[in-house]
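Let's take a walk through this protein, looking at its empty spaces and at the strands around them. Keep the 3D view open and turn it as you read.

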Amino acid sequence: MPTIHLTTFIQAPAARVFDLARSIDLHRISMEKFREEPVAGTRSGLIEQGETVTWRAKHLFKNRLLRARITEMKRPEKFTDEQAEGDFSSMRHEHYFKPCENGTILIDLFHFETPYGWLGKMVNTVYLTGYMKRMLEHRNEVIKKYAESDQWRKLLQA
């Protein structure tokens, strides 16, 4: 099973980074390139433990649906989302938020399994792992941009 491990330093408090990472609105902003939209479940605001969101997006030349559920949450230290329905055989994304002297270290562990046996494993090696890593790096850059500026206020303060 491929695992992507990312570490991103963000000069902002862990609670702010935590809430931005679970913001449906910021996720949509970060995935505009793929026209990713929430179509069912929690469709705006902050997703909570036990809730689901279904995303519709165009990835790898195909329109896709992915329903994810927040299966674990301990604010502001970590949360986990897992595929409830979608194109992966399985998908688990663990988000960790470690306070440090000047901000927060955001750690992502993204585990996924594709169907199609040896063909799926080859696609993972040749293309999909890199594709998913670039997408997650872009998402973390958007979280960083919002958290380190006043833009976070548009999403987290009513």
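One cavity of 30 Å³ or more turns up in this structure, which is a predicted model. How much space lies in this largest cavity? About 40 Å³. If you're wondering how anyone finds such a gap, rolling a probe the size of a water molecule over the atoms shows where empty space is left.

Now pick out the residues around the largest cavity: Ala 21, His 93, His 95, Leu 106, Asp 108, Leu 136, Arg 139, Asn 140 and Ile 143 line it. Strand 6, strand 7 (103-113) and helix 3 are the elements that each give two or more residues to this lining. Helix 3 gives the most, with four residues. Sort the lining by class and you get four nonpolar, three polar and two charged residues.

Next, move on to the largest pocket. Its volume is about 900 Å³, and 40 residues line it. To find its centre, look for Leu 66, Phe 88, Phe 110, Met 132 and Met 135, the lining residues that lie nearest to that point. Which element gives the most to the lining of this pocket? That's helix 3, with ten residues. Other elements pitch in too: helix 2 (24-30), strand 3 (52-59), strand 4 (62-74), strand 5 (78-85) and strand 6 (90-100) each supply at least two residues, as does helix 3 (117-147). As for the mix, the pocket lining has 25 nonpolar residues, eight polar ones and seven charged ones.

Let's zoom in on strand 3, one of those contributors to the pocket lining. Why can we call strand 3 largely enclosed by the rest of the structure? Because six of its eight residues are buried, with buried meaning under 20% relative accessible area.

Strand 3 also has partners. Strand 2 (residues 37-41) runs antiparallel to strand 3, and four bridges join the two. Strand 4 is antiparallel to strand 3 as well, with eight bridges between them. Trp 55 in strand 3 is a handy place to see both pairings: Pro 38 stands opposite Trp 55, and in strand 4 the bridge partner of Trp 55 is Leu 66. You've met Leu 66 already, among the residues nearest the centre of the largest pocket.

Finally, follow the chain from strand 3 into strand 4. The two form a hairpin with two residues between the strands, and there Leu 60 takes a positive phi near 55°.

Conventions. Residues are numbered from 1 along each chain as its sequence is written. This is a predicted model: local features need pLDDT of at least 70, side-chain atom pairs count only at pLDDT 80 or more; totals for chains, interfaces and linings use all residues. Side-chain values use heavy atoms; hydrogens and water are left out. On a 1 Å grid over the protein atoms alone, a cavity is a set of points where a 1.4 Å probe fits but cannot get out, and a pocket is an open set with protein on both sides within 12 Å along at least five of seven lines; lining residues have an atom within 4 Å of a point. Grid points are joined across faces, edges and corners, and a volume is the space filled by probe spheres set on the points. Ala, Val, Leu, Ile, Met, Phe, Trp, Tyr, Cys and Pro count as nonpolar, Asp, Glu, Lys and Arg as charged, and the others, Gly among them, as polar. Buried means under 20% relative accessible area, exposed over 50%, partly exposed in between (1.4 Å probe, protein chains only). Two strands pair if DSSP finds at least two bridges between them.
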